Number of protein chains: 2
Amino acid sequence: MSELAAPTRRYDYVTDGQEIYRRSFAMIRAESDLSSLPRDLHTIATRIVHAAGDVGIVSEVAAHRDVVAAARSALRAGAPILTDSHMLASGVTRRRLPADNEVVCTLRDPRVPDLAAQWGTTRAAAAVSLWGDRLDGAVVAVGNAPTALFHLLELMLDGGPRPAAVVGMPVGFVGSAESKVALAEHDLGGGVQVPWLVVHGRRGGSAMAAAALNALATEDELA
Amino acid sequence: MSELAAPTRRYDYVTDGQEIYRRSFAMIRAESDLSSLPRDLHTIATRIVHAAGDVGIVSEVAAHRDVVAAARSALRAGAPILTDSHMLASGVTRRRLPADNEVVCTLRDPRVPDLAAQWGTTRAAAAVSLWGDRLDGAVVAVGNAPTALFHLLELMLDGGPRPAAVVGMPVGFVGSAESKVALAEHDLGGGVQVPWLVVHGRRGGSAMAAAALNALATEDELA
């Protein structure tokens with residue numbers, strides 16, 4: 001590295017990270033109507049809008065009434081975060097986690113390709129089965145593969161371990177919207193659900209799912 | 001792990017990864033109008049739509065006429081990919097890269113916090129300066145921080161190393177749209193530009209930037 005000097009400032013832009021956050025959240029609050037959402041979802045929806053770059057996403061946000069409390073208390077108690085992709089795991093801001101929580105993605109487990117082939121499903125779905133007992137009480141986030149979300153629901157409906165909360169935000173054109181409806185409507189018996197948070201429709205993705213996790217991890221907007 | 005059996009299939013969904021891709025891309029082509037884009041951008045725009053979960057994003061895609069050829073030939077020749085976030089680096093599908101290209105994110109370099117404080121800018125912007133000589137001929141992608149994109153343009157306008165191509169897709173409410181206009185309009189003298197690819201407006205993000213990189217890396221849609 002021959003030299004390390006700041007380049008000549010040639011554009012007019014905000015360079016203070018905290019100030020960028022403050023202005024962004026103020027713009028989001030000014031432009032979006034969060035009144036249809038319960039109070040404890042407002043900071044979560046604000047972060048999802050921030051990740052989407054679109055206030056219109058608010059109308060697609062839906063949640064079980066207990067999801068914020070359930071996810072927060074699980075994370076404070078040290079629950080792991082389980083994700084369907086490494087990109088999503090990478091988007092979790094570690095300093096926001098209340099208990100240095102483990103963030104786990106099993107997609108590269110060497111058993112995954114064989115299980116996927118044997119079961120006739122995707123690697124992302126097979127990887128969900130490798131969460132094993134860690135699923136019990138965990139906070140799960142799916143930001144990529146609808147098949148992973150369907151597989152998780154099938155494990156739960158088979159009587160498998162129940163997570164504390166599920167962030168369901170797969171993106172895409174095939175199965176994505178349907179998987180999120182399935183999560184919002186699942187019934188473990190007698191109307192019992194695992195608390196859930198979704199962005200309905202085709203949109204979603206690792207960035208929005210990570211934003212949701214980061215907002216669930218702490219109430220502090222600027223942490 | 002007590003047992004590893006597939007759960008009971010309870011939902012009707014496509015489980016073949018390649019088939020999901022094929023159907024997704026067919027739906028995107030059926031629903032979107034790519035006619036305003038040059039032919040060599042069609043597969044790139046299709047992947048960006050796929051990552052966005054929204055065909056409406058097509059109208060925001062814009063590019064320098066040489067960007068696909070420039071990025072492909074740089075990657076084939078072994079150029080590194082430089083990214084502004086670890087999440088974006090994590091979204092690059094390594095098996096699509098033609099020369100086992102290095103993917104570099106300098107955000108966690110220990111010099112970053114001090115440089116950012118000293119220069120009065122964000123860590124993401126300071127990290128761009130740590131790309132150093134690797135920037136020369138590299139393929140750059142910015143999926144998060146507008147300040148990183150402005151900083152890169154300022155380095156280039158100061159006469160610094162020139163990348164082969166820049167994917168500019170920061171997301172957000174403060175500076176994002178402006179940074180992409182600045183990239184699309186930069187002039188290194190006599191109208192010379194580094195080839196660029198942007199998603200104009202507030203939208204963008206690591207997922208769309210990774211999709212663009214993955215599409216630039218190989219023409220094979222199903223790789």
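In this predicted model, B:Met87 is the residue of chain B that comes closest to the rotation axis relating the two copies, its C-alpha lying at 2.6 Å. Two copies of a chain are related by a rotation about an axis and a shift along it. Here, chain B superposes on chain A after a rotation of 180° with 0.0 Å of shift along the axis, and the RMSD is 0.0 Å. That is the relation of a two-fold axis. Both copies use the same surface, since 100% of the contact residues of chain B recur in chain A.

The two chains are also linked by charge. Side chains of opposite charge can pair when their charged atoms come close. Over all chains, the search of the whole structure finds 15 salt bridges. One of them is formed by the side chains of A:Arg10 and B:Asp158, with an N to O distance of 2.5 Å. A:Arg10 belongs to the segment before helix H1 (17-31) of chain A, whereas B:Asp158 sits in the loop between helix H7 (146-157) and strand S5 (165-168) of chain B, so this pair joins two chains.

Within chain A, an unreviewed UniProt entry lists residues 19-218 as "domain: Cobalamin biosynthesis precorrin-8X methylmutase CobH/CbiC". Over residues 19-218 of chain A, helix accounts for 44% and strand for 10%, and the end C-alpha atoms are 19 Å apart.

Two helix pairs of chain A are set out below.

| Helix pair | Axis separation | Crossing angle |
|---|---|---|
| H3(A) (residues 67-76) and H9(A) (residues 206-217) | within 9 Å | roughly 70° |
| H1(A) and H2(A) (residues 42-52) | 10 Å | about 105° |

With angles of 65 to 115 degrees counted as roughly perpendicular, H3(A) and H9(A) are therefore roughly perpendicular to each other. The H3(A) side of this contact consists of A:Val67, A:Val68, A:Ala71, A:Arg72 and A:Leu75, which meet A:Ala215, A:Leu216 and A:Ala217 of H9(A). By class, the residues of this contact are seven nonpolar, no polar and one charged.

H1(A) and H2(A) are likewise roughly perpendicular to each other. From H1(A), the residues A:Tyr21, A:Ser24, A:Phe25 and A:Ile28 meet A:Thr46, A:Arg47, A:Val49 and A:His50 from H2(A). The contact of H1(A) with H2(A) comprises four nonpolar, three polar and one charged residues.

Methods: Residues numbered from 1 in each chain as written. Chains lettered and ligands numbered in written order. Predicted model: local features only at pLDDT ≥ 70, side-chain atom pairs only at ≥ 80, totals over all residues. Heavy atoms only, no water. Axes fitted to C-alpha atoms, helices over the stretch in contact; angles between N-to-C directions. Helix = DSSP H or I, 4+ residues; strand = E, 2+ residues; numbered from the N terminus. Parallel < 35°, antiparallel > 145°, perpendicular 65-115°, else oblique. Contact = heavy atoms within 4.5 Å. Nonpolar A, V, L, I, M, F, W, Y, C, P; charged D, E, K, R; others polar. Least-squares fit on C-alpha atoms with pLDDT ≥ 70 in both. UniProt positions renumbered as here; feature names shortened; annotations may be inferred. Salt bridge = Lys/Arg side-chain N within 4 Å of Asp/Glu carboxyl O.
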